[in-house]
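Me: I am new to this structure and would like a close look at a single part of it. Please start from how the chains stand to one another and then work through the packing, step by step.

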Protein chains: 6
Amino acid sequence: MTRIDRREADQMRRFKITKYFQKYPAGSVLIETGNTKVICAASIQDGVPPFLRGNGIGWLNAEYSLLPSSTLTRSQREATRGRQNGRTQEIQRLIGRCLRSVMDFKALGERTITIDCDVIQADGGTRTASITGAFVALALALDTIYDPKKPFPLKDFLAAVSVGLSKENKPILDLCYDEDSTAVADMNIVMTGNGEFVEIQGTGEKHPFTHKQFSQMLSFAEKGIDELISYQKDILGNDLVWKIGRIP
Amino acid sequence: MTRIDRREADQMRRFKITKYFQKYPAGSVLIETGNTKVICAASIQDGVPPFLRGNGIGWLNAEYSLLPSSTLTRSQREATRGRQNGRTQEIQRLIGRCLRSVMDFKALGERTITIDCDVIQADGGTRTASITGAFVALALALDTIYDPKKPFPLKDFLAAVSVGLSKENKPILDLCYDEDSTAVADMNIVMTGNGEFVEIQGTGEKHPFTHKQFSQMLSFAEKGIDELISYQKDILGNDLVWKIGRIP
Amino acid sequence: MTRIDRREADQMRRFKITKYFQKYPAGSVLIETGNTKVICAASIQDGVPPFLRGNGIGWLNAEYSLLPSSTLTRSQREATRGRQNGRTQEIQRLIGRCLRSVMDFKALGERTITIDCDVIQADGGTRTASITGAFVALALALDTIYDPKKPFPLKDFLAAVSVGLSKENKPILDLCYDEDSTAVADMNIVMTGNGEFVEIQGTGEKHPFTHKQFSQMLSFAEKGIDELISYQKDILGNDLVWKIGRIP
Amino acid sequence: MTRIDRREADQMRRFKITKYFQKYPAGSVLIETGNTKVICAASIQDGVPPFLRGNGIGWLNAEYSLLPSSTLTRSQREATRGRQNGRTQEIQRLIGRCLRSVMDFKALGERTITIDCDVIQADGGTRTASITGAFVALALALDTIYDPKKPFPLKDFLAAVSVGLSKENKPILDLCYDEDSTAVADMNIVMTGNGEFVEIQGTGEKHPFTHKQFSQMLSFAEKGIDELISYQKDILGNDLVWKIGRIP
Amino acid sequence: MTRIDRREADQMRRFKITKYFQKYPAGSVLIETGNTKVICAASIQDGVPPFLRGNGIGWLNAEYSLLPSSTLTRSQREATRGRQNGRTQEIQRLIGRCLRSVMDFKALGERTITIDCDVIQADGGTRTASITGAFVALALALDTIYDPKKPFPLKDFLAAVSVGLSKENKPILDLCYDEDSTAVADMNIVMTGNGEFVEIQGTGEKHPFTHKQFSQMLSFAEKGIDELISYQKDILGNDLVWKIGRIP
Amino acid sequence: MTRIDRREADQMRRFKITKYFQKYPAGSVLIETGNTKVICAASIQDGVPPFLRGNGIGWLNAEYSLLPSSTLTRSQREATRGRQNGRTQEIQRLIGRCLRSVMDFKALGERTITIDCDVIQADGGTRTASITGAFVALALALDTIYDPKKPFPLKDFLAAVSVGLSKENKPILDLCYDEDSTAVADMNIVMTGNGEFVEIQGTGEKHPFTHKQFSQMLSFAEKGIDELISYQKDILGNDLVWKIGRIP
C-alpha cells in the first residue's frame, strides 16, 4: 500500500501553527495541516450563562464553520440556509467538550470563553486540527488574564488526530480528504499531555472493524499526538509550558 | 462500590422488546431498559433522495426525539423552539450511521427507510436503546418486502450499550440516569452479531481516562451486547434469524 | 346505512384510560379510543408568564403533537420542518382553552401547568381524545398539590367528542379516520360535567348543513359526553370526584 | 343592559363595502364594519398545487394579517418575528375553508385563487368582516374569467358575523373590541345565501353556556347574516347576483 | 422623449397626504404619489432598547412591508416565508436612518418611536413615498407629547424623491414602475428643509453613469423635494411648522 | 486636523492583494487594506436560476460575512442566530449589483458565479475592500473558462472606496474603523476603469451634508479608485488587462 502523498502509514502531514493571526481576539492562531487550514480564536468575556451564575466558576463554548469557498466544491453558507447542519453542531460540541476537559473553571472565575474555529481550506482532519489549534489560541488568551496567585486555568496540554483504515483495510494516520472519503473506518482521538484519553470516536459505517485493527489505530494516534504536543510546547514557549498545569 | 439499584458492575438492567407496538408503520417496537422506554418505528417509502437516484440502491435515515414529558423535569418541545438541538441531531446521525452499517442497500433497491425513535421515558441510555430497538423494528419492516431471490437487506445483527466510569472511577455497564450524571467518563459501544465494532464513542469530559480503564469498559460492553443480541434473536424468531445475512 | 365497524349511529368506540402511564410528570395517562392512542401529561411549574405575575393567579398551556409514526402514512416531524403547522397550533389552542374553562386559577396560585398531548396512534378524534384524557391527567396532577384550605383548582368535569354527517348525510357519533375523511360535515363538542357547552366547532367544508341536522348532531354529542364523564369519574375514584368543584 | 355604542342587542354596526379598492388584484374591496377596516383581495393564478394537478379542478387559499398599526397598542410584525402566530393561522384556515365551501372547483378549472385579508383597523370582528368582504372580492375576481358555457364558480352567497354573551350574560350581535374583551362567550357563525351553516364556532372560555343561550345567539346571527347578504347583493349588482349559482 | 404618462422630464406625479388615516397610532397618514399608496404610522412607546438605557435619550425604528396584493403580480407574504427579504430590510434601514437624522433624541427622552410603512399599492417610488409620508406621521405623533419647555424633537423637515436615467439615457424625476423597470440608472435622494443631503443612493446596475448625468439627476431631485416639503408644510399647518426646529 | 494614523486627508491606507489564496475556488484572493483583511473567492457552476433558464445568459450572486473573531469585540455568528442581519444582506446585495454592472452575461453563457467575501479582520471599509478584491478573484475565475471566440465576460475594471466627513467636518479618504465610527457623514463610491459611476451611497445620519462637501468627497474617491485600479492591473498582469473588455 502506498499513500496518495507517499507518506508512511504512521506519518503525519506537515503541520504549522502561526500565533497571533488576528488582531482583536485575546488569542488567535492559524493552524495548517497539509492543505487543511483553520483560523482558531479564543475570546474572553466577563460573566457566565444563567445556569452557572453566582458559583464563581467559568464556562467555555466552541463554534465551528466552513467558509463556503473552503471545500472542493463550494458549500452552502449556513447563515443563508438559516440553520447549522448536524455535522457542524456535532463538531462544535466535540471541540467544546474536549477543551473543557483540560480547563480549571474555578481558576478562570466567572468568565466565558468562546472558541471560534473557521476553516478556510478543508482537506481532511478539520475537526482535529481545530482542537489542536484552538488549544494554542486558548493558552494565549488565558495568558492575558493570568493571575499568579491562582492556578493557571489550563490543567494540561491537549491535541487531536485522525486515524483510519484505508480502502486496503490497513491502518493509516492523519487522513487527507481523498483518503478519508475512501476509508472503511475512521477515528478521531483526543489526548492530554499526560497520555490519557479525552475522546475516542471510531466509526465503521462502511465496514465494522475488529479489536485488533482498533488497537493498531490507537497506537498510531498516540504517536501523532505526541508529535503535536511537542510542537505545541515549542510554539508556546517555556514560560507558558511552565504555567500550564501550575498550581501556586 | 454499590450501584444505586444494587446491580453488579457488569450487569444490565432488565430489558424487554414488544413487537408491533404501532399499527401503521411497516415495523414498530417498544423497547424498555429499566425505566427507559422508546418507541422505534421503521417506515418504507419508494424512491430515494436525489443524490442516489438511478443507481438501484436504497437509503436509510433516522430521527430521534424526547417527548417533553419523558424527562425528570419537562423538556421544551423542539417543534415549539423551531429547531432540533445539537444533542438531538448528533443522536439521530449516530442511529442512522449504525443501522446503515449493517444494511445491504443494493438488496433494498430504490427505497428509503425512515427510522423514528421517540423516547417516552428517559432514564439513561436512550440512544443505545434506540439503536437496539430500531434494529428489531427494521428487521420486521424489511420482512414485509422480502424477496427470496435477493439477499435479505440486513447483513448482520446490531446492538448498542453504554458503559462508563462511576464517580468512584470504577467501570460499570448500562448506566441509568443517576449514574450517568455523576460518571467521570461515558462510552457508547455499537457492535454487530459478528463481534465487530461499528461505533466506539468514549468521552472523558469530567476526567480523562487511561488505556487500562478503556479496555475494562470495552469488555463490559461486549458482555452486554452479547445478551442483547441473544434477546433480539429470541424475539425475532428463527425465520428472521435465518434470513438476516442470507444470500440466495 | 351501516358504519364501517358496524357501530350504531350514536355509538362510541371502546375507550379506555390508563392512569400513571409515565413516571416523571405530575399527572399522566394513556387514552385509547378505538385505535386512537394519546399520551396526555400534566406538568406543574412554579411561577407564571410575565403578563400574569404578581396577581396570585396561575396559568395553563397545552401542546399537541403527532408522532411521525402515528399516522397511516408517516407524517413529517415538525421539529425537522422547523415549525408547527396551522392544524397543530389550532388544536393546541383548543385544548388549552377548554381546560382553562374549568380551572380556578386563583385556587391554583402562581403556578403554570403544561399539558402535553402526544398522539402515538391516530385513527380519528385525536383532538377530542386529547381533551378527555388531558382532563384526567390534570386532575391527577392537581391532586399532588391539593391544599384542603383552598378550593380544588378544577371547578367541573370536562370531556369532548366528535360528531358528523356521514357521506349518506346521516348524523354519526365519534368518527374514526375513514368516516372522518368522507364526512360532509364535522363537529367537535366540548362539555362540562354540568351539561354546559365549552366549545362547539362545526364545519361544513364539503357541504353546508341545516339547523335540523345540527340539532341531531348536538344530541348525539351530549350522549357521548355523558358516557365519557361517567367513565372519568370511575377512573378517578370517589376521593377526586369529591374534590372536583369543592369549595372549603 | 345598554351597549357601549347604544346599539340594540340584535343590531349590527354600520357596514360598508368599497369595490375595486386596489388596482392590481383581479378582485379587491375595502370592508368597514364600525371601526374595523379590512382590505380583501382575490388574485387568480394558473395552475394548482402538486396534490391536485391533472384533475381539472382548482384551489383556493387565504392569508390574513393585522397591520402592526391596526391595533389599540401596536402589534409586532409577524415577518419580523419570523413566523405567523397560532391565532393568525387559525383565522386564515377558517377564511379559506369557508370560501371553499361555496366554490365549484370543477367550474374554476386548474387555477389557484389566493385571498388576502389585511386588516388596517381592528375593532372586533376582523375574521367575520374578512369572510364577508373576501366573498365580494372573490365574486368580482371570478367575473373577470367567467365562461358562460360553464357554471359560475360560486355556488351561493356567503357571509359571517360574530355573536356573544355580554358580561351581563345577555346575547349580543356583532361585538366591537370592548364588548369582545369582556364577553363571557363568543361565537362566529358563517352561513350561505340559502340559510345553511358553513361554520359554527362557539367558545365559552370565561364561562360555559347553556343550550338556550346558544339558541338565542344563533338566531341573532341569522338576522345579521341576512342583512349582510342583502347588502352583498346590492353592491355586486343584478348581473353578478344572476351569475352566482348559475348552471348553464 | 415622451414619458409614459406624458409628464415633463422634471415633473412629479400628483401627490396627496391624508392625515389621521388610522385611529390608534399616535400619528398616521396615507400618502399617494400617482398610483403608489402607502400607510405610514408612528407609534410611541415608553422606554428604549437596552443599549441606550439610562442616558435619557430616545430611539426610532422603521419597518416596511408590501401588502401581497399591492403589486402587479401578487407577492409572497413575508410572514409566510418566515423571513424578510434583503430588499425589505434595506428599505426599512434606510427609512429609519433618514428619520433619525432629523430627530433630537435628547428632546424625545427615553421613548421609542416605531414607524410602520405598509404599501397598499406599489407603482414605483414606494421607499421615497414612505420617507416623505412617515415624516408627516412622525410630526403628528410628536405633537401629541410636545413639551414646550424642551426643543421639539424634530430638528428639520425631510422628504425624499427618486430620479433616474430613462432607457433613452435622459434624466427623469419621480419614476413610476414602468419607467423604473427600464431605467439604466436609478437614484434616491433624501434632503432636509434646509437643502442639505441626508442620503444619496445612486446605482447604475444596467449602465454606469457619468459625472454630468449625475449632476442633472441631482438638480431634478432638488426641485422635487422643494415641492414635497412645501406641501408637507401646508398639510401640517402653521402651528407645527413653527414647532419643528424650535428650541425654547 | 491630523488623522489617527497620520495619513493625509486624501491618502489611502496601504493595500495589497494576494492572488490564489485558496486552493479550490476558480478564483481567490486575500485583500488587505490597512488592518482590514477579506478573503474573496469566485466559484463557477453550470446552470442558472429558474427565472433565467433557456436564454443563454448567466448570473452572479454575492455573499458576505464577518468571521465572529474579525471584529473588535466578538460578533455573533449569523448561522447560530439563524438568519443574516440587515447589514449583511445590504452589503451582499451591493457587492452583487456592482460586479454584475461590469459583466457580459451573454458572453458568460448559462453559468452562475458565486462570490464569497469573508472578512477575517474588520477595521473599516470591509464592503469596499470586498468589491475591489472580488473583482480580481472574478477576473481570475473567468480566465479559467475563457473562450477566445467570445467577448471576455468582464467589460471593464471595477473598484470601490469609502470617503467621509471627519468629526471636524473635513473630507477624508478610506476611513479606518475609528474614523468611521466618529464620522458625521460616510460614502461608498464604486467606479469603473472608464471613470464612470456604478454606485454612490452617501449617508449623513449624524449630520446632513452640503453640495460642496459632497463634491469634495467625490473627488477624493476618484483619486482613491484610480490608485486601486492601477494596482489591480499590475496584479492581474498584461494578459488579463488585455482580455478585460475585449471583443473578438
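Reply: In this predicted model, chain C and chain F are not joined by any contact, and their closest C-alpha atoms lie 11 Å apart. Chain B and chain E are likewise without a contact, with 11 Å between their closest C-alpha atoms. Chain A and chain F, by contrast, do meet: 34 residues of chain A are in contact with 34 residues of chain F. About 2,800 Å² is buried between chain A and chain F, and carbon and sulfur atoms give 49% of that area. The interface of chain A and chain F also holds 10 salt bridges. One pairing of this kind is A:Glu63 with F:Arg77, where the closest N and O atoms are 2.8 Å apart.

The part to look at closely is helix α4 of chain C, residues 126-143. Helix α2 of chain C, residues 86-101, packs against α4(C) at an angle of about 40 degrees, and the two axes are 10 Å apart. An angle from 35 up to 65 degrees falls in the oblique range, and α2(C) and α4(C) are therefore oblique to each other. Their crossing is right-handed. On the side of α2(C), the residues that meet α4(C) are C:Arg87, C:Ile91, C:Leu94, C:Ile95, C:Cys98 and C:Leu99. They meet C:Thr126, C:Arg127, C:Ser130, C:Ile131, C:Ala134, C:Phe135 and C:Leu138 in α4(C). Sorted by class, this contact of α2(C) with α4(C) has 9 nonpolar, 2 polar and 2 charged residues.

α4(C) also packs with helix α6 of chain C, residues 211-243. The axes of α4(C) and α6(C) come within 11 Å and cross at roughly 10 degrees. That angle makes α4(C) roughly parallel to α6(C). From α4(C), the contact uses C:Thr132, C:Phe135, C:Val136, C:Ala139, C:Leu140 and C:Asp143. From α6(C) come C:Leu228, C:Gln232, C:Ile235, C:Leu236, C:Asp239, C:Leu240 and C:Lys243. The classes here are 8 nonpolar, 2 polar and 3 charged residues. C:Phe135 of α4(C) belongs to the contact with α2(C) and also to the contact with α6(C).

Chain F can be read alongside. Helix α2 of chain F (residues 86-101) and helix α4 of chain F (residues 126-143) pack at about 40 degrees, their axes being 10 Å apart. α2(F) and α4(F) are therefore oblique to each other, and α2(F) passes α4(F) in a right-handed crossing. The contact is made by residues including F:Ile91, F:Leu94 and F:Cys98 of α2(F), and F:Ser130, F:Ala134 and F:Phe135 of α4(F). These contact residues of α2(F) and α4(F) divide into 9 nonpolar, 2 polar and 2 charged.

Chain D gives one salt bridge to set beside this. D:Lys243 pairs with D:Asp143, with the closest N and O atoms 2.6 Å apart. D:Lys243 is in helix α6 of chain D and D:Asp143 in helix α4 of chain D, so the pair links distant parts of the chain, 100 residues apart. Over all chains, a search of the whole structure finds 105 salt bridges.

Terms used:
Residues numbered from 1 in each chain as written. Chains lettered and ligands numbered in written order. Predicted model: local features only at pLDDT ≥ 70, side-chain atom pairs only at ≥ 80, totals over all residues. Heavy atoms only, no water. Axes fitted to C-alpha atoms, helices over the stretch in contact; angles between N-to-C directions. Helix = DSSP H or I, 4+ residues; strand = E, 2+ residues; numbered from the N terminus. Parallel < 35°, antiparallel > 145°, perpendicular 65-115°, else oblique. Left-handed = near helix turned anticlockwise from the far one by under 90°. Contact = heavy atoms within 4.5 Å. Nonpolar A, V, L, I, M, F, W, Y, C, P; charged D, E, K, R; others polar. Buried area = accessible area lost by both parts, 1.4 Å probe. Salt bridge = Lys/Arg side-chain N within 4 Å of Asp/Glu carboxyl O.
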